[in-house]
Structure formats: C-alpha cells, structure tokens
Amino acid sequence: MEENERLMSSTEVVGDEEESIRPGSLDEYIGQDSLKENLRIYIQAALQRNESLDHVLLYGPPGLGKTTLSYILSHEMHTNIKIITGPSISKPGDLASVLSTLDAGDILFIDEIHRLPKVVEEVLYPAMEDFEMDVMVGGENGQGGRSVRLPLPPFTLVGATTRAGDLSSPLRDRFGIISKLEYYNEAQLSAIIARSSRVLGVSIDEDAIIEIAKRSRGTPRIANRLLRRIRDFAQVLNNGVISKAIVDDALVRLHVDSLGLDEVDIRYLRGIIERFHGGPVGLEALANSISEETTTLEDVYEPYLIQIGFVNRTSRGRVVTEKAYKHLGIHHPETLF
Ligand SMILES: Nc1ncnc2c1ncn2[C@@H]1O[C@H](COP(=O)(O)OP(=O)(O)OP(=O)(O)O)[C@@H](O)[C@H]1O
Ligand SMILES: [Mg+2]
C-alpha cells in the first residue's frame with residue numbers, strides 16, 4: 001500500500017532518477033503542442049529584441065511537466081534559473097534577498113506559487129511590473145526605518161501551481177503568459193516512454209510501451225515511474241526485456257488497474273458509491289469518510305477521474321457516473337431494471 005501509493009502518486013519523489021530523464025530542450029519536450037509553439041515564438045521574439053521573456057504562469061495537475069518546462073525556458077533563453085517554492089518563503093525579506101541575487105534575463109521559478117504568503121506576494125508586484133523592490137533600511141526591529149525603492153535587473157518570473165484559482169488577481173494579472181498544462185494522450189505518453197527507455201538503456205517492445213501509456217493516468221511522471229519499476233521485473237524475470245506480458249504481470253503485482261487507477265482512486269469511487277449512494281456528496285464529507293486530504297483529492301485525484309468521465313462535479317457535490325460503475329463491475333442503480 002505504502003509503496004503503491006508512492007508509485008502511482010504524481011507528486012515528486014526526490015532522488016528518483018528523475019533528473020536524467022528530464023527532456024532538456026523544447027524539441028525533446030513531447031506534447032503540449034500549442035503551448036510549446038507559442039513559447040517558441042515568445043522566446044524567439046524576446047531573444048531578437050534582446051529582452052527578458054515575459055512572466056509565465058504554468059498551471060495544471062502535478063507531474064505534467066511544469067518544472068521541466070521552466071528548466072527548458074532557461075535553456076532556450078540561455079539564462080540561469082533560480083528555484084524556490086511558495087511555502088519556503090515566509091518573510092518579505094527572504095524573497096527580497098533572492099531577488100537581489102538575480103542577473104539580467106535570469107529566470108526565477110516559484111513552485112507552488114499559490115502558497116506564497118500575502119505579505120511576500122506584495123513584494124512581487126513592483127518586482128514583476130517595474131523591476132523594482134522596496135526594502136527597509138535603518139531602524140530597529142522593524143521600527144523607525146524607511147523604505148527605499150531599489151532597481152532590479154529585468155528577469156522572468158515563472159510561477160507553477162496546481163490551483164490557478166487560488167492566486168490573487170493582482171498576482172495573476174502580472175503574468176503576460178498564462179498556460180494550462182493538459183493531460184497527455186496515449187500517443188504522447190508512448191513517445192515519452194520510448195524516449196525514457198532509450199535514455200535508461202532498456203529494451204522494450206512496442207505493445208509494452210502502449211500498455212504502460214494506457215495505465216499512466218495521462219501523466220509523464222507516472223509513466224516514467226512505472227517504467228522504472230517494470231524494468232526491475234524485466235531484469236529479474238525476462239533477461240531485461242520489457243514485454244507486454246511483463247508489463248501485465250508487474251502491474252497486477254503493483255495493484256495498478258487496466259486504466260491506471262490506483263487504490264486511492266478506487267477508494268474515492270467506492271466511497272461515493274457505497275457510502276453516499278453514488279452522490280452527490282460534498283468534498284469534505286467524502287474526504288473524511290475515506291481519510292484523505294481534501295486538497296489531495298481535489299488537486300491530484302479528481303482532475304483525472306473527471307477527465308475520463310468517471311466523476312462529475314455538480315453544484316450539489318460529486319457524482320459518480322455510470323461509466324465508473326461499469327468499470328468497477330457494480331450495478332448502476334438506474335440501470336437495474
Ligand atoms: N512533455 C514532456 N516530455 C517528456 N517528459 C516529460 C514531459 N513532461 C514531463 N516529463 C517527465 O515527467 C517528469 C515530471 O515532470 P515535472 O517534474 O516537470 O512535473 P511538474 O508539472 O513540475 O509536477 P509538480 O506539479 O509535481 O511539480 C519529469 O522528470 C520528466 O522526465
Ligand atoms: Mg514540479
């Protein structure tokens with residue numbers, strides 16, 4: 001359970017060989033085509049004008065490639081990238097000291113930007129808009145000092161968030177480029193798995209690639225993680241070759257079902273069906289009944305279940321669809337007669 005949760009979770013696990021598989025340029029970045037083509041234009045235009053790229057906000061469920069894309073932006077713009085996360089910056093001074101280390105054209109990547117405290121966020125407004133920041137000088141313990149405005153070099157803020165709705169509008173309005181990352185289709189995931197296999201040096205059959213793609217919840221991070229686990233089974237049981245049979249066998253052992261749903265997805269669906277007659281049920285009540293955090297359900301699990309048409313979010317709460325009943329092999333009440 002513990003291991004399986006980690007396996008299917010689309011959240012990042014440190015030291016997971018993830019770095020070596022990360023694509024390094026826009027050409028290697030698979031999918032997200034319209035976003036990618038627009039970025040190509042913006043990058044070329046900024047380079048031609050010798051300017052920094054406009055601020056970019058990337059949003060979407062975890063594991064779809066926001067961090068990867070921000071590294072790529074710095075690569076394509078030939079600049080450095082500094083990386084911080086929203087919750088790690090608690091005071092305005094912390095952000096000011098990060099800002100003061102930036103060089104012209106640098107990218108400042110703020111992950112989970114929706115979790116920046118409001119007082120810190122306010123430092124960003126003049127920084128983003130006019131490349132200036134206010135710092136307090138003199139005084140003691142925050143008393144009696146005065147604020148001076150210091151210039152900053154032109155830089156690009158790249159913000160990433162799983163919940164764009166939680167951003168305040170003054171912050172959101174200061175991004176020139178706002179893009180949503182979409183779940184990947186089977187062909188795109190197949191291309192990602194084929195590429196990762198090449199990087200890792202494993203041999204894998206075409207039908208095995210497709211099977212892993214089908215079970216990756218539209219998410220590159222999950223595809224890569226499944227690939228690495230299945231590689232272990234292939235190494236021990238099949239001379240290192242990943243065949244379709246090895247994939248099927250490994251995924252049974254790992255409790256990943258035919259659509260890539262894991263135990264939390266199943267508990268979510270069964271929870272609504274068995275305890276709330278299929279819904280509608282409020283998120284809070286459901287989360288309590290299956291002992292999960294509301295934000296985890298909302299950010300990680302629901303987007304995919306909604307995407308594949310298993311759950312509808314109505315004004316009265318969550319409802320499980322007939323399609324989900326069918327997948328679970330449970331009779332839908334309305335189709336009983
Ligand atoms: N478009 C892509 N093409 C190829 N590989 C990708 C792509 N997007 C993501 N990946 C792979 O998936 C992994 C996860 O991507 P990344 O860390 O960028 O996700 P993220 O959106 O930042 O997630 P989080 O919200 O959890 O921070 C990366 O290590 C990378 O190898
Ligand atoms: Mg990330």
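**Packing, ligand shell and backbone features**

User: Which elements do the buried residues of α4 pack against?

Analyst: They pack against one helix, α3 (33-49), and against the strands β1 (56-59), β2 (81-85), β3 (107-111) and β6 (156-161). Please note that this is a predicted model.

User: How many of the residues of α4 are buried?

Analyst: Nine of its 11 residues are buried, and α4 is therefore described as mostly covered. The buried positions are K66, T67, L69, S70, Y71, I72, L73, S74 and E76. Just beyond the helix comes H78, which has a positive phi near 55°.

User: Turning to ligand 1, which residues come nearest?

Analyst: The shell around ligand 1 has 23 residues, and P62, G65, K66, T67 and T68 come nearest. K66 and T67 also appear among the buried residues of α4.

User: Which helices supply at least two residues of that shell?

Analyst: α2 (18-21), α4 (66-76) and α10 (220-237) each do so.

User: And what is the chemical make-up of the shell around ligand 1?

Analyst: Eight of the shell residues are nonpolar, nine are polar and six are charged.

User: Let us step back. How many helices and strands does the chain have?

Analyst: There are 15 helices and 11 strands. The C-alpha atoms fill a box of roughly 75 × 50 × 35 Å along the principal axes. Of the 337 residues, 35% count as buried. Considering contacts between residues at least 6 apart in sequence, 68% join residues at least 24 apart.

User: Which residues touch the most other members of the largest nonpolar core?

Analyst: That core has 70 residues, and V158, I193, I212, A223, I230 and V247 touch the most other members. The largest share of the core comes from α10, with six residues.

User: What is A223 in contact with, leaving aside its neighbours within four places in sequence?

Analyst: A223 is in contact with L189, I192, I193, I212, A213 and S216. Of these, L189, I192 and I193 are buried residues of α8, while I212 and A213 are buried residues of α9.

User: Please say more about α8. Which of its residues are buried?

Analyst: The buried ones are L189, S190, I192, I193, S196 and S197. Viewed down the axis of α8, these buried residues lie within an arc of 165°, so they line one face of the helix. On the other side, A187 and R198 are exposed.

User: Why would residues three or four places apart point the same way?

Analyst: An α-helix has 3.6 residues a turn, so residues with that spacing share a direction.

User: What length does α8 reach from its first C-alpha to its last?

Analyst: Helix α8 (residues 186-200) has 15 residues and reaches 21 Å, close to the 21 Å expected at 1.5 Å a residue. Just after α8, G201 has a positive phi of about 70°.

User: What do the buried residues of α9 pack against?

Analyst: They pack against α8, β8 (203-204), α10, β9 (241-242) and α11 (244-253). The buried residues of α9 (206-214) are A208, I209, E211, I212 and A213.

User: New topic: the backbone. Where is F131, and what is its phi?

Analyst: F131 lies in the loop between α6 (118-130) and β4 (132-137). Its phi is positive, near 50°, although F131 is not a glycine. Most residues other than glycine have a negative phi.

User: Is F131 buried, exposed or partly exposed?

Analyst: F131 is partly exposed, because 17 other C-beta atoms lie within 10 Å.

User: What about S291?

Analyst: S291 has a positive phi of about 55° and is not a glycine. Its place is the loop between α13 and α14 (294-307). S291 counts as exposed because it has 8 C-beta neighbours inside 10 Å, and the cut-off for exposed is 12 or fewer.

User: Which residues does the cis peptide bond join?

Analyst: It joins G279 and P280, with omega about 5°. P280 is in the loop between α12 (263-276) and α13 (283-289).

User: Lastly, S147: buried or exposed?

Analyst: S147 is exposed, because 9 other C-beta atoms lie within 10 Å. S147 belongs to strand β5 (residues 146-151) and touches D134 and M136, not counting residues up to four places away in sequence. The C-alpha atoms of S147 and S203 are separated by 61 Å, and the two residues are 56 residues apart along the chain.

Conventions:
Residues are numbered from 1 along each chain as its sequence is written. Chains are lettered from A and ligands numbered from 1 in the order in which they are written. This is a predicted model: local features need pLDDT of at least 70, side-chain atom pairs count only at pLDDT 80 or more; totals for chains, interfaces and linings use all residues. A residue is near a molecule or strand if its C-beta atom, placed from the backbone, lies within 6 Å of it. Helices (H or I, at least four residues) and strands (E, at least two) are DSSP runs, numbered from the N terminus. Ala, Val, Leu, Ile, Met, Phe, Trp, Tyr, Cys and Pro count as nonpolar, Asp, Glu, Lys and Arg as charged, and the others, Gly among them, as polar. The expected span of a helix is 1.5 Å times one less than its number of residues. A residue is buried if 20 or more other C-beta atoms lie within 10 Å of its own, exposed if 12 or fewer, and partly exposed in between; C-beta atoms are placed from the backbone. The arc is that of the directions from the helix axis to the C-beta atoms. Two residues are in contact if their C-beta atoms, placed from the backbone, lie within 7 Å. A nonpolar core is a set of buried Ala, Val, Leu, Ile, Met, Phe, Trp, Tyr and Cys residues joined through C-beta atoms within 7 Å.
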